[in-house]
Amino acid sequence: MDKNKNILIKSGRIINLNKGKDDYSDILIIDGVITEINKEINGAGKNVTEIDAKGCIVSPGFVDMHVHLREPGFEDEETIETGTMAAVKGGVTTVACMANTKPVIDNQSLVKYILEKSRSASCRVLPVAAMTVGLEGKSITEMGLLSEAGAVGFSDDGMCVRDSRIMYEIMRYSNQFDVPLILHEEDYFISGSGLVNEGYYSTMLGLEGISSLSEDLIIERDITLAKKSGAKIHVTHLSTRGAVEMIERAKNEGVRITCDVTPHHLFFNDSYLTSFNTNFKVKPPIRSEEDRLALVEGIKKGVIDAIVSDHAPHLDIEKNTTFRLASFGTIGLETLFSAAFTRLCVEEKLDLHKFISLITTSPSKIIGINASEIKVGEVANITVLDTEKEEEVKKENIVSKSKNSVFIGHKLRGKVICTISRGSLVYRLNNL
Ligand SMILES: [Zn+2]
Ligand SMILES: [Zn+2]
């Protein structure tokens, strides 16, 4: 009997998003399957690993629908193995990985390769396939075949399709398969060689700016195209106030549009750039306090549907350089919960159920997968969290292969105590 598949979680507060009312109970998992949820389950003689969850929250495992695992092609930065280890340390049991690998995930064999690799990884990995061949923005991929092979969405993330006519064709084509298009919205004519948000701090620090127009113009374009084509679009990593406003309007008009935001865009504003820390160099850029507050408001109002890490690993040599030369991106899987929880629940008093839905049921629905539930008969995908624990993010504790976290040195509330993924205990906090 595998002890890692026989687990007893004692005395936790079990989040029930469906019922609305939480249970304070024990959970018995035998051979990976939840077999009993009850008060005072006795684990004696059952050969179980016991988890003391007193004072902790027991949540369905998190879903992060925007992650870069870098495999194949950039295994020095991250692999499916190390990326999923980082995921489960952050309580994430399902990740959707982006297509900008080398080669690009634009054919069935690569979709199958990712799914095959996922079987031995710490958590489930679902591939997002490219919208255009080689992310070149020219010819559309075989979306039907790719989605049959297991792609859960389509995205040229890292790139934006410049040609409006091709974008319109992608939307019309995607309609035949009812798959979500995950859109990185950037007008390259505006963003150009910009490094950070255009505003007071870019001027003061002498760093080339990226205007919010870069994002807003393309979102406006894609909303117009989605209206005309009826396509299902998902705008990823919102950064501007304009984006929130436009998407709210589009939703009210019945456009099939959803969107997400990252913890770093919720956590920071561009005043942090004064540190000249290149981990703050991300795309889209971290914007003004006004934009950040609009994102928080967008979550509260229900305009923003999900929180994603946009986990983007880069080597030290790509970051330990000047702002101009450094790569764009921050890792984020390990801090997905705690960073967003700190800002939204601790500071903004966002309802915990609402928050959990942004990293479980809501992204699941967008990519068309069944959300895990904590109920008898289900294979266990569970995260146990201590929401009182506060800790500083330290580089030496990062398990991701790349250490470029924008949160290093910042104190975050909420700590993952353990993660059970596909029925196995895959992560447990060392000091317990
Ligand atoms: Zn992107
Ligand atoms: Zn990305």
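**Zinc site, pockets and cavities in a predicted model**

A search of the whole structure, which is a predicted model, finds 4 cavities of 30 Å³ or more.

Colleague: How much space lies in the largest cavity, and which residues line the largest cavity?

Modeller: The space in the largest cavity comes to about 80 Å³. By class, its lining residues divide into 3 nonpolar, 4 polar and 5 charged. The lining consists of His184, Glu185, Glu186, Ser191, Ile210, Ser214, Glu215, His237, Lys283, Pro284, Pro285 and Arg287.

Colleague: Which residues coordinate the zinc ion (ligand 1)?

Modeller: Along the sequence, the donor residues follow the spacing D-x26-H-x52-H. The coordination is at 2.1 Å, through OD of the aspartate, ND1 of one histidine and NE2 of the other. The residues are Asp157, His184 and His237.

Colleague: Where in the chain do Asp157 and His184 lie, and how many residues apart are they?

Modeller: Both Asp157 and His184 are donors to the zinc ion (ligand 1). This pair links distant parts of the chain, with Asp157 in the loop between β9 (153-154) and α4 (164-174) and His184 in the loop between β10 (181-183) and α5 (188-191). Their separation in sequence is 27 residues.

Colleague: Are Asp157 and His184 buried or exposed?

Modeller: The term for a residue with under 20% relative accessible area is buried, and for one with over 50% it is exposed. Asp157 and His184 fall into one class, and that class is buried.

Colleague: What does Asp157 bridge, and how far apart do the bridged ions lie?

Modeller: Besides coordinating the zinc ion (ligand 1), Asp157 bridges this ion and the zinc ion (ligand 2). The two ions lie apart by 3.5 Å.

Colleague: Which element gives the most to the lining of the largest pocket?

Modeller: The largest pocket holds about 590 Å³ of space. Its lining numbers 30 residues, and the closest to the centre are Lys89, Glu334, Glu391, Lys415 and Tyr427. At least two lining residues come from each of α1 (80-89), α12 (336-347), β16 (382-392), β17 (411-421) and β18 (424-428). The element that gives the most, with 4 residues, is β17.

Colleague: How many nonpolar, polar and charged residues are in the lining of the second largest pocket?

Modeller: The volume of the second largest pocket is about 470 Å³. Of its 23 lining residues, Arg70, Asn100, Gly158, His314 and Phe328 lie nearest the centre. For the division by class, Gly counts as polar. The lining divides into 7 nonpolar, 10 polar and 6 charged residues.

Definitions and conventions
Residues numbered from 1 in each chain as written. Chains lettered and ligands numbered in written order. Predicted model: local features only at pLDDT ≥ 70, side-chain atom pairs only at ≥ 80, totals over all residues. Heavy atoms only, no water. Donors = N, O, S within 2.8 Å, 3.2 Å for Na, K, Ca; no water. Buried < 20%, exposed > 50% of the residue type's maximum accessible area, 1.4 Å probe, protein only. 1 Å grid on protein atoms, 1.4 Å probe; cavity = no way out; pocket = protein on both sides within 12 Å on 5 of 7 lines; lining within 4 Å. Points joined across faces, edges and corners; volume = space filled by probe spheres on them.
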